[in-house]
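Work through the exercises below with the model open beside you. Each task is followed by a solution in steps.

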Amino acid sequence: MKKTMTIFAALMLGSALLFADPSAATIDKAEFDKIVSSGVKASDEEIQANKWASAVKEAGVLRVGGVRTSFLFSQFDETDNTIRGFDAGLWQLLANYILGDSSKFELTQVNSSTRESVLQTGQVDCVFATYSITPARQKLISFAGPYYVSQQGILVKSNYKKISKVSDLAKKTVATQTGSTGPALLKEYAPKAKVQEFATDQEARAALDQGRVNAYVTDYTLLLSTIVKNPGVYKLAGDAFGPEDQYGIGVPLDSDAVEFINAFLKKIEDDGTWAKLWKVSLGDRTGVKTVPKAPKL
């Protein structure tokens, strides 16, 4: 089995536990905070040798494009004003790597249709947002990584029985997100589906809740977040489909941030930090006991 398959396969193996044990969704805050605050730090020489990192160091803050509502990847906790999850942990580790403090980041909220623009306009230094690497996007921005792999999934209401595989989407009304890989993949794998595009995950799920669409197609692991957060409300209809989605970290086009961040990723993978973050953010919360290997950089 290829390394890039192991993350998705691990979550598939844990899905039955996930649906049966909604209490698994609770993140261990103390463990998460310990991981992100104790990560490796770049040397002065490493930072000075890189134009992108030097600019971040001089500014004293890492400007991140991300979200606050992705339950497993980047969720804002109002009780302590902290964002936790797999993506959030990575950008906090990166802030700690460059600035020596995991809290020295500034978040600009993005959605699937604004991720490129905030990089192109210089509003942020990087984007962590379950961001699939695609050839079209690589014409506009550059990517570090990949650091995670997924596929597409089909979300339906828990009592809906008319869809059990991707071919069942034919003649059904299907929601997906504008600017995501969903529209193109639906055109390829379910050409007879009636596709409705929405700007945000929340709008797409609202359409599903209100019966305006029959299903919602988007990244499989994002749908796991939805199911964990709303036990008994939704289910996955059949297997995931489509090509593997490699998640990358968006940076400005042709930036030397790619080399710097890839070196950072390799360090946290080699020293076990990546695995610890995966476990506290995803594995422990979805009932998956086996920590996967990180995808090859």
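The exercises go from the whole chain to its core and then to single residues.

The model is predicted: local features need pLDDT of at least 70, side-chain atom pairs count only at pLDDT 80 or more, and totals for chains, interfaces and linings use all residues. Residues are numbered from 1 along each chain as its sequence is written, and side-chain values use heavy atoms, with hydrogens and water left out.

**Exercise 1. Overall build**

Task: State the secondary structure content, and test the radius of gyration of the protein against a compact globule.

Solution:
- Step 1. The protein has twelve helices and twelve strands. Helices (H or I, at least four residues) and strands (E, at least two) are DSSP runs, numbered from the N terminus.
- Step 2. The radius of gyration is taken over C-alpha atoms, and the globule rule is 2.2 Å times the number of residues to the power 0.38.
- Step 3. For 297 residues a compact globule would come out near 19 Å; the protein has 19 Å, so the two agree.
- Step 4. The C-alpha trace spans about 60 × 40 × 40 Å along its principal axes.

**Exercise 2. Burial, contacts and charge**

Task: Find the share of buried residues, the share of long-separation contacts and the charge layout of the protein.

Solution:
- Step 1. Of the 297 residues, 55% are buried. Buried means under 20% relative accessible area, exposed over 50%, partly exposed in between (1.4 Å probe, protein chains only).
- Step 2. Take the contacts with a separation of 6 or more: 74% of them join residues 24 or more positions apart. Contact means heavy atoms within 4.5 Å.
- Step 3. Count 35 positive and 33 negative side chains; the centres of the two sets lie 8 Å apart. Lys and Arg count as positive and Asp and Glu as negative, while His and the chain ends are not counted. Each charge is placed at NZ of Lys, CZ of Arg, CG of Asp or CD of Glu.

**Exercise 3. The nonpolar cores**

Task: Which residues have the most contacts inside the largest nonpolar core?

Solution:
- Step 1. Define the set: a nonpolar core holds buried Ala, Val, Leu, Ile, Met, Phe, Trp, Tyr and Cys residues joined through side-chain atoms within 4.5 Å.
- Step 2. The largest core has 66 residues, and W52, F86, L94, I98, Y147 and I261 have the most contacts inside it.
- Step 3. Helix α5 (residues 86-99) gives this core its largest share, ten residues.
- Step 4. A second, separate core has 13 residues, among them Y160, L186, A193 and A237.
- Step 5. Now look around I98. Leaving aside neighbours within four places in sequence, I98 is in contact with I47, W52, A53, V56, K57 and F260.
- Step 6. Move on to V56, which lies in helix α4 (residues 51-59). At 2% relative accessibility, V56 is buried. Not counting residues up to four places away in sequence, V56 touches V61, L62, I98, L99 and D125.

**Exercise 4. Backbone exceptions**

Task: Where is the cis peptide bond, and where does K171 with its positive phi lie?

Solution:
- Step 1. The cis bond joins G145 and P146, with omega about 15°. P146 belongs to strand β7 (residues 141-157).
- Step 2. K171 is not a glycine, yet its phi is positive, about 70°. K171 sits in the loop between β7 and β8 (173-177). With a relative accessible area of 65%, K171 is exposed.
- Step 3. D254 is also not a glycine and has a positive phi of about 60°. The loop between β12 (241-252) and α11 (257-270) holds D254. Its relative accessible area is 68%, so D254 is exposed.

**Exercise 5. Two strand residues**

Task: Are E197 and Q109 buried, partly exposed or exposed?

Solution:
- Step 1. E197 lies in strand β9 (residues 194-198). Its relative accessible area is 46%, so E197 is partly exposed.
- Step 2. Not counting residues up to four places away in sequence, E197 touches T176, T178 and P183.
- Step 3. Q109 lies in strand β5 (residues 105-109). At 52% relative accessibility, Q109 is exposed.
- Step 4. Under the exclusion of residues up to four places away in sequence, Q109 touches G66 and R68.
- Step 5. Q109 and S74 are 35 residues apart along the chain, and their C-alpha atoms are separated by 11 Å.
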